[in-house]
Amino acid sequence: MARDPYIVRPETLPSAFPPGHEPPRLLLDFADWLEGRPWGSLGCFRLQGTLSDEAPIVDGSALRREFSLFLYLPDGSLVGFWHPDGVPTPSSPVVGLGSEGDAAVLAGSLEGFLAKLARDAFSDSAWSDLAAGEEDDDEDEDGEDLTRAADDGARDAFAEWLACRVGPERLDALAGEVCDSTAFAARMDAWMHEREAYWAGHSILTEIGHALAAHRPPGKTPWDRTQLRAAIVGTLCEVQVYRAGPQPVPEIAQVEPLLRALRDEQHRTDPDLGLWFEAHLTLDAKGCILPRFDYQTRPILGGAPAPVEQARSDLSRAPRPARWVPDWLADSRV
């Protein structure tokens, strides 16, 4: 049975890189090669430029210059470049940010990562979604054999393609490279603890937590949480608590000026990000809030997409680099 092709979106790759830097030619060539190939034949992923905002880490938006992510995995994990100094270089390693919080160096370079895909080097690792082959319980034995043969053929074709660029001997050496994840894992662990402590002591969030005290979870265990959502676009504001679906909070008059002050503070901290449109707030039993900011998604306000003219007033007040302006805001036809 024929499989759907990979989802490949090469036009999104530049947006994953800091302004002034472009995706490497080899990554663009890989996207061209992957286009139309059967999904799963080199691993299970989607090739799409992705900002660190979407990574399973605290304050991912603040790390945009440190990551250029280009693969989505089915479990929500992301793969891409890590730029420890905030500047992409040919020696930027390829790393994985796991949906369960694990952080690993997958290869010392893009060439090394592609070599490992070509040699199916991830099959016995925690990153097995990058291994070739798609499980399909509905296939009969002949179907499984045909799928496996097709996947082997795709890997062989890819290895041949890559060997023309790096050389056969170097391809094998790169595929066998052992990477030390210690520094990267330590960096991410330190970042998570630092940001969690920062927000726990943040004066504006403390005030918001007091204002929303009635919404604290009834349980006392550390994993009890109340989820809230705040959306601000131009002069519009909506704050909801998720309780049997999203419900408006009666404390909005107290909370809105605090959220706007937080939004302006975030902009002063990193002007290139612009102004966020949504903040997802996790409130614990002690009243502490851990936020996650969304600068890209067009929010829903009053059951309808936010008016573009209101969002453009935010963009005018807080300009961003063109590559970090979302399509719905940049496209005058919306």
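**Figure 1. Asp59 in the loop between β2 and β3.** Asp59 is found in the loop that links strands β2 and β3, shown here in a predicted model. Its phi is near 55°, a positive value in a residue other than glycine. Most residues other than glycine have a negative phi. Asp59 has a relative accessibility of 6%, so it counts as buried under the 20% cut-off.

**Figure 2. Ser61, in the loop that also holds Asp59.** Ser61 lies between β2 and β3 (67-72), in the loop where Asp59 is also found. The relative accessible area of Ser61 is 7%, and the residue is therefore buried. Beyond its neighbours within four places in sequence, Ser61 is in contact with Ser52 and Asp53, and also with Leu273 and Tyr295.

**Figure 3. Gly49 in strand β2.** Strand β2 covers residues 46-50, and Gly49 is placed in it. With a relative accessible area of 10%, Gly49 is buried. The C-alpha atom of Gly49 is 4.0 Å from that of Leu13, although 36 residues separate the two along the chain. Leu13 is also one of the contacts of Gly49 outside the four nearest places in sequence; the others are Arg9, Thr12, Ser15, Ala16, Leu69 and Phe70.

**Figure 4. Helix α1 and the glycine after it.** Helix α1 spans residues 25-34 and is mostly covered, with 7 of its 10 residues buried. These buried residues are Leu26, Leu27, Leu28, Phe30, Ala31, Trp33 and Leu34. Gly36, just after α1, takes a positive phi of about 85°.

**Figure 5. Asp120 between helices α2 and α3.** Helix α2 covers 110-118 and helix α3 covers 141-166; Asp120 is found in the loop between them. Phi of Asp120 is positive, about 55°, although the residue is not a glycine. Is Asp120 buried or exposed? At 18% relative accessibility it counts as buried, because the limit for that class is under 20%.

**Figure 6. Val239 in strand β8.** Residues 236-242 form strand β8, and Val239 has its place there. Val239 has a relative accessible area of 3% and is buried. Which residues touch Val239, leaving aside its neighbours within four places in sequence? The contacts are Arg229, Ala230, Gln247, Pro248, Val249, Ile252, Val255 and Leu259. Glu256 lies 17 residues from Val239 along the chain, and their C-alpha atoms are separated by 8.1 Å.

**Figure 7. Asp272 and its partners.** Asp272 is found in the loop between helix α7 (252-269) and strand β10 (278-284). The relative accessible area of Asp272 is 32%, so the residue is partly exposed. Asp272 and Arg320 are 48 residues apart in sequence, yet 5.0 Å apart in space from C-alpha to C-alpha. Arg320 is in contact with Asp272, as are Arg65, Pro321 and Trp324, with neighbours within four places in sequence left aside.

**Figure 8. The cysteines Cys44 and Cys288.** Cys44 has a relative accessible area of 10% and is buried. Cys288, at 29%, is partly exposed. With a disulfide taken as a pair of cysteine sulfur atoms within 2.5 Å, the count comes to 0.

**Figure 9. The whole chain, for reference to the close-ups.** The secondary structure comes to 9 helices and 13 strands. The radius of gyration is 22 Å, close to the 20 Å that the globule rule gives for 334 residues, so the chain is as compact as a globular protein of that length. Along the principal axes, the C-alpha atoms fill a box of roughly 65 × 45 × 40 Å. Of the 334 residues, 50% are buried. Among contacts between residues at least 6 apart in sequence, 62% join residues at least 24 apart. The chain exposes about 15,800 Å², and carbon and sulfur atoms supply 52% of this area. The chain has 31 positive and 56 negative charges, and the mean positions of the two sets are 9 Å apart.

Key: Residues numbered from 1 in each chain as written. Predicted model: local features only at pLDDT ≥ 70, side-chain atom pairs only at ≥ 80, totals over all residues. Heavy atoms only, no water. Helix = DSSP H or I, 4+ residues; strand = E, 2+ residues; numbered from the N terminus. Rg over C-alpha atoms; globule rule 2.2 N^0.38 Å. Buried < 20%, exposed > 50% of the residue type's maximum accessible area, 1.4 Å probe, protein only. Contact = heavy atoms within 4.5 Å. Areas by Shrake-Rupley, 256 points an atom, 1.4 Å probe, with all protein chains shown as cover. Lys, Arg positive; Asp, Glu negative; His and termini not counted. Charge placed at Lys NZ, Arg CZ, Asp CG, Glu CD.
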